[in-house]
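Take a moment to look over the sequence and the 3D view. Then let's walk through the fold together.

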Amino acid sequence: MIGVIGAAASGGSDSTDNSNKDKAVSAASSKPKADQSQKAPAKGKPAAGTKSQAEQFQACVAKSGTPTEKAAVKHVTKVTGADKRNDILDSAEVWTDYTGGLMGSNAGDAKLIASAFTSCYESKNGLVTIYGKDGDLIANANY
C-alpha cells in the first residue's frame, strides 16, 4: 500500500518524458562561450560597485577625515549595518584590530573611528559601536 502511494506521488516510473529541458541544455551548451576576460573584472581590483562596507567607510574618511581619523581608520577590519538605514533604529558595527575594552589603551582611537563614522553616515536615530578583535566593546556614538 505504501509503495503504491509513493509511486503515485512521484509520478511513477514512466520514461516517456517529453519535456524540452534536455533540448534546452544541449542548445545552450552548443553556443560558443564568450571571452571570459570581458566578463570578469581583473583579479587584483574589485569592481567599482563591489567595495565592502569597510572599504567604503575607509574611502570616505580618506576623502574628508582628519589626519588622526585617517590613521585610526586603518585599523578597521569590518563594518556591518552601515548599508541598511531606516532612521528608526539604525545600528552599525565597526570591527577593529584593537584589543581591550572601554578603558583600554585604544579607547581614544576607537572614539576617533566613531567620530569619523558620524561624519560619513547620517541617521535620525543611529548608533555606531566600535569593537575590538576580541569582541569587546571599545566605544560607541550616535550618528
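Leu 137 sits in strand S4, which covers residues 137-142. Is Leu 137 buried, partly exposed or exposed? Its relative accessibility is 32%, so Leu 137 counts as partly exposed, as the range for that class runs from 20% to 50%. Together with Leu 102 and Met 103, Leu 137 forms a nonpolar patch on the surface, and the three share about 350 Å² of accessible area.

Keep in mind that this is a predicted model. Its protein chain holds 6 helices and 4 strands, and along the sequence they come in the order α-α-α-α-α-β-β-α-β-β.

Now turn to helix H6, residues 107-120. Its 14 residues reach 20 Å from the first C-alpha to the last, close to the 20 Å expected at 1.5 Å a residue. Which residues of H6 are buried? They are Ala 107, Ala 110, Ile 113, Ala 114, Ala 116 and Phe 117. A helix has 3.6 residues a turn, so residues three or four places apart point the same way. The cover over the buried residues of H6 includes the helices H4 and H5 and the strands S1, S2, S3 and S4.

Here are some of those covering elements:

| Element | Residues |
|---|---|
| Helix H4 | 53-64 |
| Helix H5 | 67-73 |
| Strand S1 | 76-80 |
| Strand S2 | 90-96 |
| Strand S3 | 126-131 |

Finally, step back to the whole chain. Of its 143 residues, 25% are buried. The chain exposes about 10000 Å², with carbon and sulfur atoms supplying 55% of that area.

Terms used
Residues numbered from 1 in each chain as written. Predicted model: local features only at pLDDT ≥ 70, side-chain atom pairs only at ≥ 80, totals over all residues. Heavy atoms only, no water. Helix = DSSP H or I, 4+ residues; strand = E, 2+ residues; numbered from the N terminus. Buried < 20%, exposed > 50% of the residue type's maximum accessible area, 1.4 Å probe, protein only. Areas by Shrake-Rupley, 256 points an atom, 1.4 Å probe, with all protein chains shown as cover. Patch = residues over 30% accessible without salt bridge, like charges linked within 9 Å, V, L, I, M, F, W, Y side chains within 5 Å. Salt bridge = Lys/Arg side-chain N within 4 Å of Asp/Glu carboxyl O. Expected span 1.5 Å × (residues − 1). Contact = heavy atoms within 4.5 Å.
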